[in-house]
Amino acid sequence: MLKSEPVSSVESGPEQRVRPVGIVGLGSYLPEQVLTNQDLEKMVETSDEWIRTRTGIRERRILPPDLATSDMALEAGRRALADAGVTPDQVDCIIVATVTPDTPFPSAACRVQDRLGCKRAAAFDINAACPGFLYAVTVGSQMVASGLYETVLVIGAETLSRVTDYQDRNTCVLFGDGAGAAVLRPVGKGRGLLSSVLGSDGSGADLLYQAAGGSRLPASAETLAKRQHYLYMNGSEVFKFAVRIMEEASLEALARANLTAEDVDFFVPHQANIRIIDSARRRLGVDMDRVVVTLDLLGNTSSSSIPLALDQAVRAGRIKDGDVVVAVAFGAGLTWAACVLRWGR
Ligand code: ACO
């Protein structure tokens, strides 16, 4: 397991060893096309009632065929820069978290770099599945905290509809498309990213994966016929892991920031299943009115789910200056991540 050191501490604690870094702008992009539970009833043997009660999802967004992940990442990134009051030439680095890049290479981040006009920026993708955005925030924050860079644009962007098998009712009801972005910059003392916990357990790699299209099993007529280019998931095993790790990672990140669950103003969990979210927030003792939920309307958008939820909660005026925000996610790998932020510049 790999754990990052706390970036800074709010209380006296160890003196801030490096400069504080926070999110100074947010942006998101959602495709217009909506796929409802009623639509899915016509595609597989399922029901609106089953999907709502077992997952909490009512509808999700689907990207049209002529667009790809970097198109959504670009728009989310553009909106985040505008929100932060940052121009493209000020961006030092772009990190896109995705498991569904336009092409295996080059990275989606390079396509965003070109089209955003971030001429000075380094660019690369991170593949850490659903916690990818929190991995990107942690990596990007370290770059700014160390003084290497001033401005890092981090984006979570996914077109999960392209790897979802719409003949498999176990998975096709869960996923949606979208992108969310954040601008990382130095902030005032006590603000920004207070702590970060990253983890992995590769022994669970086969619980959630895409079999074909990589070096192990290159795409072929046979893999296509066997539908191996679509994602496979052992839902119940992932469920058990998720419930445990959401609590553990959140508590560890809070402890690293010298905080407890009682200090949490907003809990922003990965949006996979309302039962997982509800179980995690109960274990932590966080009231439902302090939980940000988007999955009823967006489904599971993997690495986009946390930035989309953050953007929505900030725009709605729920998350405000000075609030303690805990964001936590789990996903394929297996991977997990939790970040504690004190909101504001
Ligand atoms: N409609 C109707 N019935 C269904 C459907 C559906 N869409 N999907 C499954 N079922 C059936 C199953 O076939 C099974 O039937 P059986 O008992 O006759 O075999 C029955 O419902 C129960 O199946 P379970 O898998 O036990 O259902 P469960 O309550 O566990 O819910 C679910 C399944 C929603 C997938 C749940 O396990 C889950 O959310 N797991 C976590 C998934 C997750 O978070 N993944 C994402 C992590 S990483 C990322 O975001 C990419």
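**Pocket, domains and odd bonds**

Trainee: Which elements each supply at least two residues of the lining of the second largest pocket?

Mentor: β1 (21-29) and α11 (305-315) each do that. Helices (H or I, at least four residues) and strands (E, at least two) are DSSP runs, numbered from the N terminus. A pocket is an open set of points on a 1 Å grid over the protein atoms alone, where a 1.4 Å probe fits, with protein on both sides within 12 Å along at least five of seven lines; lining residues have an atom within 4 Å of a point.

Trainee: What sort of model is this?

Mentor: This is a predicted model: local features need pLDDT of at least 70, side-chain atom pairs count only at pLDDT 80 or more, and totals for chains, interfaces and linings use all residues. Residues are numbered from 1 along each chain as its sequence is written, and side-chain values use heavy atoms, leaving out hydrogens and water.

Trainee: Back to that lining. Which element gives the largest share?

Mentor: β1, with four residues.

Trainee: How much space lies in the second largest pocket?

Mentor: About 170 Å³ (the space filled by probe spheres set on the points). The lining has 13 residues, and V24, G25, D83, V314 and W343 are the closest to the centre of the pocket.

Trainee: Where does this pocket lie relative to the domains?

Mentor: Between them, because domain 1 (17-189) and domain 2 (193-342) both give residues to the lining of the second largest pocket. The domain bounds come from an automatic or database domain assignment.

Trainee: What separates the centres of the two domains?

Mentor: 14 Å, with the centres taken over C-alpha atoms.

Trainee: And how many residues are in contact?

Mentor: 51 residues of domain 1 touch 45 residues of domain 2 (heavy atoms within 4.5 Å).

Trainee: How many salt bridges are there between domain 1 and domain 2?

Mentor: Two. A salt bridge puts a side-chain nitrogen of Lys or Arg within 4 Å of a carboxyl oxygen of Asp or Glu.

Trainee: How many in the whole structure?

Mentor: The search finds 18. Among them, R58 pairs with D296, the closest N and O atoms being 3.8 Å apart. D48 pairs with R52 too, and there the closest N and O atoms are 3.0 Å apart.

Trainee: Where do D48 and R52 lie?

Mentor: Both lie in helix α2 (residues 48-55). They are four residues apart, about one turn of the helix.

Trainee: New topic. What joins F105 and P106?

Mentor: A cis peptide bond, with omega about -5 degrees. P106 lies in the loop between β4 (93-97) and α4 (108-116).

Trainee: What about G333 and L334?

Mentor: A cis peptide bond joins G333 and L334, with omega about -5 degrees. L334 lies in the loop between β12 (324-331) and β13 (335-342).

Trainee: Last one. What is phi of N258?

Mentor: Near 60 degrees. That is a positive value in a residue other than glycine. N258 is in the loop between α8 (235-256) and β11 (266-269).
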